[in-house]
Amino acid sequence: MDGSFIWESDGFTQHFQLFHEYVNILQGVLRGEGFPEWDWSIGAGADTITSYGYYVIGDPFVYLGVFFPESLREFSFHLIMFVRMWCVGLSYLIFVRKFKVSHGAALLGALMYTFSFFVIYNTGRHPFFILPLIWYPLLCLGVEKILKRESGLLFSIMVAVSAIVNFYFFYKLTILVFIYGVVRYGMLYRFKDWKQLGYSFGRCSLHYFVGLLLGAVLFLPMVDGFLNSSRNTDGTAINLFLYQVNYYISLVHNLFVPDIYLWTAGGLSIFTLFTVAFLFKTKKNKTFSSLMLLILGVFLLFPFFGSFMNGMAGPYNRFSFAIPLFIAFASGQFLEERNKLQVKDLRIVGYILIGFTFIYGKAAIAENMYLYYASPVISGWAIWFILMYEKVKKKRAKKISIIIVGLVILNLMTNATNFYYPYGNNSISKMVELNTSADRYENLFGGVQNLLPEDDLYRVGVTSQDNHVRNQFIYHDLMGLSSYLSITNGSLSEFAEEMELSSYQIIQPLRNGLDDRRIANHFFNIEYILTEEDNASYLPYGYEVVHRSNDNPAFIVAKTEAAFPFAYVEDRVTTRENFSELNPVEKETFLTQGVVLENNQDVEGREIEKAANEQIKEVEYQIEYTDPGLSAPDKNLIEVADNEARLKINLENADELAGHDIFIYLQGLEYETTDTPFYKPDDTSYDIRFLYEDRKKTLRQSDKYSFSTYFHRENMFVNLGHTDMGTDEMFIQFEDTGRYNINDITIYALPADNKIDQQIAEEKWDNELDIKVFENERIEGNVQREEPGVLVTTIPYEKGWNVTVNGEERDTVQANIGFIGVPLDSGNSEIVFSYQSPYLKSGGVLSLIGIFLLGLIQLIRKKNNSS
């Protein structure tokens, strides 16, 4: 297989796809088509700057893609990857030039920094994670120049660039450059002169502030998007005092082999071992590289620092990208001053090499990965013998330096190949085949998407079995719901959590066809569903197949006549407080009856005190513990001894369930693993599979160490689909061993009648907003009403939307938890929705102020220097 550097997971569904689409947008701008600030093909609709900004908008290298046609889009993506890597080395060389190091030292350091494992790893995983390695040396250089009373121009510019490119790494860079500044100031001035301290700190702060102003045009919208996103900022679920023992074991194990754990990147050149010995030997000199390595090394030992550097979220140690900078600098220094390392010092290094030879030898045998573990050891011993030879002969030759650099290059090359090739980590197997990504986007639905009508306003859905559908609707320019982005609308997340959508994930709130829930799909104006024919049994009731492809696999288009309009008026309301008291089935059926408003929103309408549906049945059942792989020692406790052990549920009066949608609701879930070794953290992840008729659905509780996706599932609510016959048994299959506490299991049956669904939809259409203009950033329409009401939409609730009614600006309300609602008076209402990214204009003004201040500072400095 010809592998690419596009990771099958995030690389395919996020990085390359967003690069592909953003370059299309840029080329459209050059053709005069304008830049859309809102895009209806991103999930249920989203702000373009917020959605793309985390990945591509601020990345200056992405703009090189504009010069390549779409047929070379993947080629340009890879080319830009290598340009970034080249700039990592260039940035390092610019930094060390300030310290007047030799050419050999600079070359060695540049190689070790450019091809550090953090770079190699993210070449395929998260390409923009390479960018902070470019900015950090230049930020440090900017501080260096200020501390030495030189111009602060570079520092202001690099602060602006860092803030624009990615706010997430800007936070880390700010802390890291502050630490560097403190260390360097201490070395230069030793904190003895308070006047000098105030002067240096003041200039650094001023230029940082100016840089922040310069970058405000993108920084402000992105920070606002993050603060209102679905990301959980409530801390982490793990102990922040100490890691589990296996983390510290991995620190040692991963030092010189290409591996990563909790984003602590290992894979260092084995030459680092000699460099550390050199730093210990010359510790009285207190070089800034040794102090920085000491500080960052302490940060790696305690999860609190990892959490702090990650915005007080889970301790992902992504700040470890900075460590290779100081290792590289110190290694270059050691190359030039290696005569300071004596024979006895090399013997100590030899003993440590023996230790690593034993550790890696044992691991190689256990894992059958001989070349993977042998490569760093062989390189280490080769360097050791050369240095020992040099000491014994007492000759310092230029050839020795060349040989050492050559061995380091070989070591770095084998680290990279060991990571990607099958005899090592085999990461190439997790990459998309070269030059196939665009074709895979195009053939996502086998071409049946081309059969959809072009002029109608509707959304397109998928089924619960289409987990691979994430951001691809952007490619097809279809309105759907699926999205997979780091910054996702927080109100949509609230809606999904309130509705207890089983498919909900933190950054994918409306994925997987809304768990195939019939009314939810109607509510979202899902008129068509695209999926493989094998998934037809998962279609919500009432969606009939209208097209079928002849491919293998075959794809289908299913249509319903019961989808709600995009916007319509409701005059029945309930409060969020009342709504929250309902069970999930009642909540869903209420979407057909009225609108939910926040408790503090007072609008005119008929309030429903207790919204419920008396047709919802609670099904009686009996549980059978016949599987020998599980037992129930207590009422609510289930102990699972075998993987895939099943709990059988026999439904009573099952013939009465014909024509119903069936749901199962597990409440009060707690899980405890029973077979975790003492040195590893408890694995809190588990999967539960639900089986009914020919449908299977699996829900996952992610592990608390999966910080990006973890949230505690106290309940699991699953739609098991529509039954025509009333099957009398279902199964709960526990995929993982352990102890499961389940306080309650409830099974609901909701009658499904296509005629009633269509009648409900017709009522909504009778009160629809008659849309005349529907564009990315503008919607125009009118509605005629005899009574006041609330215009209900499925526009995600975003502060950037402005609404006018009959030419007058109208405040919006938060309708149905996640969406924009507009209070309307009786009579005719001409309504206009318009969108502008929040804080884009104000950020632009601040950036102009920053330019003025930077120019003013430079003029004052120039005048002072000339006088």
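## A tour by salt bridge, sheet and core

Start with arginine 440: at a relative accessible area of 35%, this residue is partly exposed (buried means under 20%, exposed over 50%, partly exposed in between, with a 1.4 Å probe and protein chains only). The model is predicted, so local features need pLDDT of at least 70 and side-chain atom pairs pLDDT 80 or more, while totals for chains, interfaces and linings use all residues. Numbering runs from 1 along each chain as its sequence is written, and side-chain values use heavy atoms, without hydrogens and water.

**Salt bridges.** Add glutamate 8 to the selection. Its salt bridge with arginine 440 has its closest N and O atoms 2.6 Å apart (a side-chain nitrogen of Lys or Arg within 4 Å of a carboxyl oxygen of Asp or Glu). The two partners are 432 residues apart: glutamate 8 sits in the loop between strand E1 (3–7) and helix H1 (10–30), arginine 440 in helix H19 (residues 437–442). Helices (H or I, at least four residues) and strands (E, at least two) are DSSP runs, numbered from the N terminus. Glutamate 8 is also partly exposed, at 34%.

Next, select arginine 518 and aspartate 757. Their closest N and O atoms are 2.8 Å apart. Arginine 518 is in helix H22 (residues 518–523) and aspartate 757 in helix H25 (residues 754–766), so the salt bridge ties together parts 239 residues apart in sequence. Both residues are buried. Then pick Glu494, Glu498, Arg576, Lys587 and Glu598, which salt bridges with shared partners join into one network. The whole structure holds 36 salt bridges.

**An open sheet.** Show four strands in the order E7-E8-E10-E9, with mixed pairing (a pair needs at least two DSSP bridges). E7 (459–461) and E9 (544–548) are the edges; each has a single partner strand, so one side of each lacks a neighbour in the sheet. Zoom in on E9 and E10 (residues 555–559): they run antiparallel, joined by four bridges. Histidine 547 stands opposite valine 557 in E10.

**A core residue.** Go to leucine 791 in strand E28 (residues 789–796). At 0% relative accessibility, leucine 791 is buried. Its C-alpha atom is 5.5 Å from that of tyrosine 568, 223 residues away along the chain. Leaving out residues up to four places away in sequence, its contacts (heavy atoms within 4.5 Å) include Ala567, Leu769, Ile820 and Phe833.

**Last stop.** Select methionine 312, in the loop between helix H14 (303–309) and helix H15 (323–336). Methionine 312 is partly exposed, at 34%.
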